[in-house]
Amino acid sequence: MTSDFADALASGPLVLDGGLSNQLEAAGHDLGDALWSARLLAEDPEAITRAHLAYFEAGAEVVITSSYQATFEGFARRGIGRERAAELLTLSVESAREAARRAPAARPDRALWVAASAGPYGAMLADGSEYRGRYGLGTAELERFHRPRLKVLAAARPDVLALETVPDTDEAAALLRAVRGLGVPAWLSYTVAGDRTRAGQPLDEAFALAADAEEVIAVGVNCCAPEDVSGAVETAARVTGKPVVAYPNSGETWDAKSGGWRGRSWYPVERVRDWRERGARLVGGCCRVGPETITSIARVLSRE
């Protein structure tokens, strides 16, 4: 599969955004909700557009939509029917596009891109199980969960689908089946611990699933500790031969029981060059990484 985005990726590194939720929280929005940032799609979509714009202005060339935790099942628990849920999923892409339309004054020299987020099944459960995987569902059941919203997101015409924070190979296999024939390229990124997926599978086996998937134009890791990135990037590049995506957390750890982040905040911007040398072509941040860090990443990559 070829696309303008794939061509841009082949021509050099692109800067991803940071955590959408922390940017929204910094603007005063309470996201203590099972729908997380997706709640604002219904209540205040302009706030989402402004958060995306902040990342474009900080130096990001790719922003990831607010659809990570947006699912038909999650919306249904709030009394939102399928038709309205589909409208909100579409709006997640449109909000990011609107931010890109507003951004050229700040980024007149660079193309800007939109990645439509599809989080794992565990994100819908909102209990931290995306950091464990192994939900007790088979591949076919997971494919049935993912395919309908991926079809809606693809129909909104993002530049790429971000199949992100995938905790195990069962869900990766389901997602790879679910994106077939949608006509939009995708990246697949695992959340990892050391040299394994969160569910404990070796990363070489995990990345191998995507090696021959035509729809997948990049593979990598996100929502992980920064110190786990270098090895994972090298493994992903070696196993698949594809460009690699890397957007770790700030270094803090999510405590699902308390519903908060713990530990020291650190994002080693000085390692971005190393990630680039190992094969990373999409570099940014995930949870707790804000616009200031994205600006620093952009400065490092602009010197490559």
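How many bridges pair β9 and β12, and in which sense? Hold on to that one for a moment, because we get to it as we walk along the sheet. Three bridges join them, and the pairing is parallel.

Hello everyone, and thanks for coming. What you have in front of you is a predicted model, so please keep that in mind as we go round it.

Let me begin with the whole protein. It holds 13 helices and twelve strands. The C-alpha trace spans about 50 × 45 × 40 Å along its principal axes. Does the overall size fit a compact globule, or what else do we find? With 304 residues, a compact globule would have a radius of gyration near 19 Å, and the protein has 17 Å, which agrees.

How much of the chain is buried? Buried residues make up 60% of the 304. As for the surface, the accessible area comes to about 11,800 Å², and 45% of that belongs to carbon and sulfur atoms. Contacts also reach across the sequence: among those with a separation of 6 or more, 76% are between residues 24 or more positions apart. And a word on charge: the protein has 35 positive and 42 negative charges, and their mean positions are 1 Å apart.

Now to the sheet. Eight strands form an open sheet, and if you follow it across you meet β1, β12, β9, β8, β5, β4, β3 and β2, in that order, with parallel pairing. Which strands stand at the edges? They are β1, residues 14-15, and β2, residues 62-64; each has a single partner strand, so one side of each is left without a neighbour in the sheet.

Let us step in from the β1 edge. Strand β1 pairs with β12, residues 280-283, over two bridges, again in the parallel sense. Here V15 stands opposite V283 in β12. V283 turns up again at the next pairing, where it is the bridge partner of A246. That is the β9 and β12 pair from my opening, with its three parallel bridges.

Going on, β9 covers residues 244-247 and pairs with β8 over four bridges, in the parallel sense. One of the partnerships there is N222 with Y247 in β9. On the other side, β8, residues 216-222, is joined to β5, residues 186-190, by five bridges, and these two strands run parallel as well. Two places to look for are Y190, which stands opposite V221 in β8, and L188, whose bridge partner in β8 is V219. Is β8 mostly covered or mostly open? Mostly covered: seven of its seven residues are buried.

Next, some helices. Helix α9, residues 169-178, is mostly covered too, with seven of its ten residues buried. Those buried residues are T169, E171, A172, A174, L175, L176 and A178. What do they pack against? The list is α7, α8, β4, β5, α10 and β8.

Helix α8 gives us a residue to zoom in on. E143 lies in this helix, which covers residues 139-155. Its relative accessibility is 19%, so E143 counts as buried. Leaving out residues up to four places away in sequence, E143 touches P148, A174, R177 and A178.

For another close-up, go to helix α11, residues 229-240, where you will find V233. V233 counts as buried, at 1% relative accessibility. Beyond its neighbours within four places in sequence, V233 is in contact with V244, A246, W275, R278, G279 and A280. Look at A246 in particular: V233 and A246 are 13 residues apart in sequence, and their C-alpha atoms are 7.2 Å apart in space.

I will finish with two backbone details. Most residues other than glycine have a negative phi. T165, which is not a glycine, has a positive phi of about 60 degrees. T165 is found in strand β4, and it is buried, with a relative accessible area of 1%. R288 is not a glycine either, and its phi is positive at about 70 degrees. R288 lies in the loop between β12 and α13. Is R288 buried or partly exposed? Partly exposed, with a relative accessible area of 38%.

That is the tour. Thank you for listening!

Methods. Residues are numbered from 1 along each chain as its sequence is written. This is a predicted model: local features need pLDDT of at least 70, side-chain atom pairs count only at pLDDT 80 or more; totals for chains, interfaces and linings use all residues. Side-chain values use heavy atoms; hydrogens and water are left out. The radius of gyration is taken over C-alpha atoms; the globule rule is 2.2 Å times the number of residues to the power 0.38. Buried means under 20% relative accessible area, exposed over 50%, partly exposed in between (1.4 Å probe, protein chains only). Contact means heavy atoms within 4.5 Å. Accessible areas come from the Shrake-Rupley method with a 1.4 Å probe; for residues, only the protein chains shown count as cover. Lys and Arg count as positive and Asp and Glu as negative; His and the chain ends are not counted. The place of a charge is taken as NZ of Lys, CZ of Arg, CG of Asp or CD of Glu. Two strands pair if DSSP finds at least two bridges between them.
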